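Visitor: Could you take me through this model, a few questions at a time?
Guide: Here it is.

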Amino acid sequence: MKLTSKLLTSLALFTLLPTAAHASSGVYVVSAGDTLSKIAREHQTTVSQLMQVNQLKTDQLSIGQTLALPEGSLSASAGADLPLDVIAGSNLSAQNEPEELTAGEKARVTADVLNVRKKASTDAKVLGKLKYGDLVEVVETGSEWTKIEFEDDEAYVFSAYLSPKLAPDLVFTGEVDSASLHRLEAIFEPLLKTPYVTGGTTPDGFDCSGFTSYVFSRLGVTLPRTSEEQFRGGTSVPLEQAMPGDLLFYDSLGKGRVSHVAIYLGNGTIVHANGEDVRYGKVEYMHKLYPFYGVKRYVDFQ
């Protein structure tokens, strides 16, 4: 009887193995401060896919919990040692000739997600990850690796994915009023790195729609309070016709409705309160992570 029971158990496990292997591309162990949204962003998947693969009925997580990563996502092990030590979109490459960095000054991350290493080697331990637009303090420069300050310690990242330009290169068309855009930049740039706070509407902390509302109020435009309400207003614009100052909307919670808003800056770049802080982002990266709902125009900078 015991032998029959063991045989049936083994056959059941064998039957399940192909499905499990197909359903996920790796595992992730939950650590302090993790949320499903954060894990989804870092592994280029969605909250709904994580919940479906792991059969979760709630978004509550516990430290040490093991999650299967959906097929096609970036697993922690697979992504860590990609060429040039960067996790990025397929068409994102390092600069052919890295810009010169200066020790003692800040630099900006230009990759979607960049590994931070304990030593200047892809064999070294990964201490964490930096995201597009993050600013870091340069400690020591090098042709291949740059030493940076990271969480009150020193660590290394690939030099090719750091830029001394603290703001992305934005390309504005001749139809755009550059003076108004510079005014827009002057409003949001001091707000970069402001912490994300649910319901936040001030420079002490913003959520996504609190940030857009604050920026636009400084331009003399009153926006509805939530991202859903902001999506209902304004003038609809095709994505290919989006211009700096337009608002882009996404479903970041996987609930089938608008739950995130960002300000478009041109050249595929956005600025938004992304769940951690106010930072630059990329349209391409956002479209990989979340369902896109559309573009709305509240201010015409022409």
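Visitor: Where is Asn267 found?
Guide: This is a predicted model. Asn267 has a phi near 55°, a positive value in a residue other than glycine. Its place is the loop between strand 15 (260-266) and strand 16 (269-273).

Visitor: Is Asn267 buried, partly exposed or exposed?
Guide: Buried residues are under 20% relative accessible area and exposed ones over 50%, with partly exposed in between. Asn267 has 45% relative accessibility, so the residue counts as partly exposed.

Visitor: Which residue that is not a glycine has a positive phi of about 80°?
Guide: The residue lies in the loop between helix 5 (178-188) and strand 11 (201-202). At 39% relative accessibility, it counts as partly exposed. The residue with this phi is Lys193.

Visitor: How are helix 5 and helix 6 oriented to each other?
Guide: Their axes come within 10 Å and cross at roughly 130°. Angles over 145 degrees count as roughly antiparallel and 65 to 115 as roughly perpendicular, and the rest of the range above 35 is oblique. Helix 5 and helix 6 are therefore oblique to each other.

Visitor: Is the crossing of helix 5 and helix 6 left-handed or right-handed?
Guide: The helices concerned are helix 5 and helix 6, the latter spanning residues 208-218. As helix 5 passes helix 6, the crossing is right-handed.

Visitor: How do the residues of the contact of helix 5 with helix 6 divide into nonpolar, polar and charged?
Guide: The crossing is right-handed. Helix 5 contributes Arg183, Leu184, Ile187 and Phe188 to the contact, and helix 6 contributes Phe211, Val215 and Arg218. Arg counts as charged, while Leu, Ile, Phe and Val count as nonpolar. The contact therefore divides into five nonpolar, no polar and two charged residues.

Visitor: Why do the buried residues of helix 5 line one face of the helix?
Guide: An α-helix has 3.6 residues a turn, so residues three or four places apart point the same way. In helix 5 the buried residues are Leu181, Leu184, Glu185, Ile187 and Phe188. They line one face because, seen down the helix axis, they fall within an arc of 160°.

Visitor: Which residues are exposed on the other side of helix 5?
Guide: The buried residues of helix 5 have a cover that includes helix 6, strand 15, strand 16 and strand 17 (278-282). On the other side of helix 5, the exposed residues are Ala179 and Ala186.

Visitor: What separates the C-alpha atoms of Lys38 and Glu276?
Guide: Lys38 is placed in helix 2 (residues 36-42) and counts as partly exposed at 23% relative accessibility. Leaving aside neighbours within four places in sequence, Lys38 is in contact with Gly33 and Glu276. Lys38 and Glu276 are 238 residues apart along the chain, and their C-alpha atoms are separated by 8.3 Å.

Visitor: Is Val113 buried or exposed?
Guide: Val113 is found in strand 5 (residues 113-117). His43 is 70 residues away along the chain, with 9.3 Å between the C-alpha atoms of the two. At 1% relative accessibility, Val113 counts as buried.

Visitor: Among contacts between residues at least 6 apart in sequence, what share joins residues at least 24 apart?
Guide: The chain has eight helices and 18 strands. Of its 302 residues, 46% count as buried. Among the contacts in question, the share joining residues at least 24 apart is 61%.

Definitions and conventions
Residues are numbered from 1 along each chain as its sequence is written. This is a predicted model: local features need pLDDT of at least 70, side-chain atom pairs count only at pLDDT 80 or more; totals for chains, interfaces and linings use all residues. Side-chain values use heavy atoms; hydrogens and water are left out. Helices (H or I, at least four residues) and strands (E, at least two) are DSSP runs, numbered from the N terminus. Buried means under 20% relative accessible area, exposed over 50%, partly exposed in between (1.4 Å probe, protein chains only). Axes are lines fitted to C-alpha atoms, for helices over the stretch in contact, and angles run from 0 to 180 degrees between N-to-C directions. A crossing is left-handed if the near helix is turned anticlockwise from the far one by less than a right angle, and right-handed if clockwise. Contact means heavy atoms within 4.5 Å. The arc is that of the directions from the helix axis to the C-beta atoms.
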